[in-house]
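I am opening my notebook on aromatic ring pairs and on pockets, and I will write down what I looked up in the order I went through it.

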Amino acid sequence: MKPFISLFLLVVSCGITSPIQGAKPLYSPSDSIIVERYLREANHLPANTNDVLFFANKFIGKPYVAHTLEKGVEERLVVNLNQLDCTTYVEVVVALTLAARNGDTTFDRFLYYLQHLRYPNGVINGYASRNHYFSSWIFHNSQQHFVHEIQSSDCTSHHFSATQQLDCSYMTTHPDKYVALRNQPELISLIRQQEEALSDKKVHYIPNSHLGLDQRQLDCIHNGDILAIVTNKPGLDVSHLGFAVWKDGHLHLLNASSLYKKVVIDRNTLQKYNRQQKTHLGVRVLRIL
């Protein structure tokens with residue numbers, strides 16, 4: 001993985017300063033109010049509460065909206081708690097969880113975690129500096145000790161029996177699908193660098209055939225784990241994200257759903273959901289640290 005330049009970020013009362021002059025975070029007053037209310041509530045949760053699902057459940061029913069991060073030419077940290085896609089939903093919940101686990105209750109600290117999750121080392125240096133592929137997101141946030149990717153060595157049983165060889169090229173072979181790449185074709189070569197850094201790496205995942213096992217058998221997946229759905233769509237690594245929810249011994253996906261147009265716990269089991277999508281192969285599993 002090609003290293004990104006590390007910069008210290010100054011957290012101040014008015015927000016996080018950005019490496020780009022004048023690129024202040026974009027959010028509404030209601031976003032900051034909601035975040036601080038949720039973080040204060042988390043301070044008083046019983047010790048056995050699943051904090052990830054506490055935050056994730058707060059957004060059930062919120063509308064699914066794609067492309068909410070594309071806000072003009074200048075890249076900046078965007079917060080939108082009222083419109084979520086699968087990635088921004090996961091990022092918001094993880095940022096809240098990290099803040100709560102570190103005893104932070106301010107919106108500034110939430111912004112700090114969100115910026116570091118979305119941009120390697122928290123450095124915003126244009127559109128190409130974002131983690132555009134989820135494998136990049138996993139790599140950088142594992143390095144920052146925000147998440148840990150679960151593998152067979154973490155479990156009593158070995159269900160990570162399938163292997164994906166990464167071949168990330170979708171963005172540069174379909175630049176017409178991205179507003180920034182259409183308007184600024186010079187960015188394509190920078191995105192290609194991110195793709196080349198990921199490609200040819202091998203990752204292990206749980207295939208669909210194992211996802212029908214019960215909670216005792218599939219002990220490597222815990223409530224609140226991040227589930228990244230592996231795809232066979234050419235040029236992509238992961239096509240969808242959500243959180244693991246065990247219901248009556250069956251695994252379900254809590255996600256910002258483009259099918260239901262809102263955040264839901266899918267009524268179908270994850271195995272059935274995946275089998276209805278021809279490009280879904282299985283899941284990678286991440287746990288928030």
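I began with a search of the whole structure, which finds 9 aromatic pairs; rings of Phe, Tyr and Trp (its six-membered ring) pair if their centres lie within 6.5 Å, and planes under 30 degrees apart count as stacked, over 60 as edge-to-face and the rest as tilted. I note that this is a predicted model, in which local features need pLDDT of at least 70, side-chain atom pairs count only at pLDDT 80 or more, and totals for chains, interfaces and linings use all residues. Residues are numbered from 1 along each chain as its sequence is written, and side-chain values use heavy atoms, with hydrogens and water left out.

I looked up tyrosine 89 and phenylalanine 243, whose ring centres are 5.6 Å apart with planes at 85°, so I entered the pair as edge-to-face. This pair links distant parts of the chain, since tyrosine 89 is in helix H3 (residues 86-101) and phenylalanine 243 is in strand E7 (residues 238-247), 154 residues apart; helices (H or I, at least four residues) and strands (E, at least two) are DSSP runs, numbered from the N terminus. Both tyrosine 89 and phenylalanine 243 are buried, where buried means under 20% relative accessible area, exposed over 50% and partly exposed in between (1.4 Å probe, protein chains only).

I then turned to tyrosine 113 and phenylalanine 146, with ring centres 6.1 Å apart and planes at 70°, so this pair is edge-to-face. Tyrosine 113 and phenylalanine 146 are buried.

Finally, I noted that ring pairs link Tyr38, Phe59, Tyr89 and Phe243 into a cluster.
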